[in-house]
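Here are some notes to read alongside the model. They come as numbered points, so pick whichever you need.

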Amino acid sequence: MNPRLTRRELLAGAAALAVHPGLLSARTGRAKLRHAAVGFGGMGGTDLEAIASHPDIEVVALCDVDANNLAVKAKKYPAAKLYRDYRKMFAEIPDQIDTINVGTPDHMHAAISLTALLKGKHVYCQKPLTHDVWESRKMMEVARAKKLVTQMGIQMHSSREYRLAVRVIQDGTIGKVKEVHSWSFKKWGRDGARPAGEDPVPGNLDWDLWLGTAPERPFKSRIYHPGNWRMWTDFGCGTMGDMSIHILDPIAGALELTQPKSILSESDAPPPESFSTKNIVKYVFPGTAHTIDPFPLTWYDGDAIPTGEGWPIEKKLPDQGSMFIGEKGYMLLPHVGLPQLLPVASFADFKMPAVAGDNHWHQWVKACKGEGTSSAGFDYAGPLTEFVLLGVIANRVPGKLLKWHAAEMKLEGSDEAASRLRRVYRKGWEVEGL
């Protein structure tokens, strides 16, 4: 998961340069990529606007289960064909689409993205890449086999702030990293069982399509759609799925982490269908050139976030971020902030290197056209999502030491945890390969 290109990635990039212009010509016969967006009520809408701002993008199709969302975007893109069901879109106009972005709740990411990949479409998918570990592995494998350009929506990955942090660590500024602590103040959880009863489904919402691959349940106003689905296990991945996928990204990249050997949750016991609001997850990774071996990484969220006691900080820790503890010093990396070297006196004469940021969305568009490569493609995003989701799973069985055998996709230490690697889709929503 190294942002610096390896020899294999360089070769893959060269292959992309050779293949994609020809594909573009064969599919479109023109310079612009024909783009479809699925799900744009939240961050998916931001993704659509950022992608569409590239001059070589033409928005040809819009799909959302909420008619209100669809109506808003239809005004801006009047030439686009409108759909409520992504399956119908792919059935009717598969040859009129070159690229797609997916901005639905987590439980639908894989079903839509893999359908697009199997049809030869380049995919930009919001984070976390998938709801389940199995889905992440399959999406990475299919994208690689079909040589398609992909990108996960961790836009800070391409920012100056996170790129600078990676550079500082890989330059050895604080020496080998002995441990990292990362946190988020967010609390995507809800005590107790789901609310009883049923409310009328709003006329603008197709509830069956919104549920998609998830088990059926009654609609309840303001409980799931539009904003609270992250706190339910059937649809989201809690605070870890929302924020650790961002915050652990520069750690995975800077330290060139692979997959954890073990995961232990010291969280509060979770509600049956939601998440605890006080989580601590302890990972142990194999060492790398930038770390000690073994290497410990600890995640905290909600009421468990650290105070910074014992660290050489001069003011309150940010609400979200990471502390790298190295052999020669510390690096504090706020989420959406520049890295800070500590103790301040030890690095008073240090000059930060010049590192530029990039437009995460346009980077993907250009790669789709054969101009360079994407930096958070599924070869990178898949493994990152896998180990984040292993933490989400560990939080279902706090106190149990889980051992992960990545090559075999085998999780030891809890049958319940192992059963959560792969869910069964609702009848009628099956997807090839999932």
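1. A word on terms before the cavities come up: here a cavity is a set of grid points where a 1.4 Å probe fits but cannot get out, and a lining residue has an atom within 4 Å of such a point. Keep in mind too that this is a predicted model.

2. On that basis, the structure holds 2 cavities of 30 Å³ or more. The largest cavity contains about 70 Å³ of space. Its lining is made up of Cys237, Gly238, Thr239, Met240, Pro270, Phe275, Ser276, Asn279, Asp301, Val392, Asn395 and Arg396. Sorted by class, those lining residues come out as 5 nonpolar, 5 polar and 2 charged. Which element gives the largest share of this lining? That would be helix H9 (residues 238-247), with 3 residues.

3. H9 turns up again at the second largest pocket, where the largest share of the lining, 3 residues, also comes from H9. About 650 Å³ of space lies in this pocket. Its lining runs to 38 residues, and Gly42, Gly103, Thr104, Pro105 and Trp229 are the ones nearest the centre. Two or more lining residues come from each of helix H2 (43-52), H5, H8 and H9. The class split for the pocket lining is 16 nonpolar, 14 polar and 8 charged. If you set up anything around this site, those are the elements to have on screen.

4. Still with H9: what does this helix lie across? The answer is strand S7 (177-184), S9, S10 and strand S11 (320-326), and H9 runs at about 135° to S10. These four strands belong to an open sheet of 9 strands with mixed pairing, in the order S13-S12-S11-S7-S10-S9-S8-S14-S15. The edges of the sheet are strand S13 (340-342) and S15, each of which pairs on one side only. From one strand to the next, the twist averages 20°.

5. One pairing within that sheet can be followed down to residues. S8 and S14 pair in the antiparallel sense, over 2 bridges. Ser262 has Lys403, in S14, as its bridge partner. As background, strands of a sheet pair through backbone hydrogen bonds, either parallel or antiparallel.

6. For a parallel example, go to strand S1 (residues 33-38) and S2, which pair in that sense over 6 bridges. Arg34 stands opposite Glu58 in S2. Is S2 enclosed or open? Of the 7 residues of strand S2 (residues 57-63), 6 are buried, so the strand is largely enclosed by the rest of the structure.

7. Helix H5 (residues 109-118) tells a similar story: 9 of its 10 residues are buried, so the rest of the structure largely encloses it. The buried residues are His109, Ala110, Ala111, Ile112, Ser113, Leu114, Thr115, Ala116 and Leu117. After H5 comes Gly120, with a positive phi near 80°. H5 is also one of the elements giving two or more residues to the lining of the second largest pocket.

8. Now for backbone geometry, starting with the cis peptide bonds. One joins His225 and Pro226, with omega about 10°. Pro226 sits in the loop between helix H8 (207-211) and H9. Another joins Asp293 and Pro294, with omega about -5°. Pro294 is in the loop between strand S9 (278-285) and strand S10 (295-302). If your preparation script handles omega, these are the peptide bonds to look at.

9. Next, positive phi outside glycine. Glu256 has a phi of about 55°, and its place is the loop between helix H10 (249-255) and strand S8 (262-265). Met409 has a phi near 50°, and lies in the loop between strand S14 (402-405) and strand S15 (410-412).

10. Where do these two side with respect to burial: buried or partly exposed? With buried meaning under 20% relative accessible area, Met409 is buried at 16%. Glu256, at 26%, is partly exposed.

Note on methods: Residues numbered from 1 in each chain as written. Predicted model: local features only at pLDDT ≥ 70, side-chain atom pairs only at ≥ 80, totals over all residues. Heavy atoms only, no water. 1 Å grid on protein atoms, 1.4 Å probe; cavity = no way out; pocket = protein on both sides within 12 Å on 5 of 7 lines; lining within 4 Å. Points joined across faces, edges and corners; volume = space filled by probe spheres on them. Nonpolar A, V, L, I, M, F, W, Y, C, P; charged D, E, K, R; others polar. Buried < 20%, exposed > 50% of the residue type's maximum accessible area, 1.4 Å probe, protein only. Pairing = 2+ DSSP bridges. Axes fitted to C-alpha atoms, helices over the stretch in contact; angles between N-to-C directions. Contact = heavy atoms within 4.5 Å.
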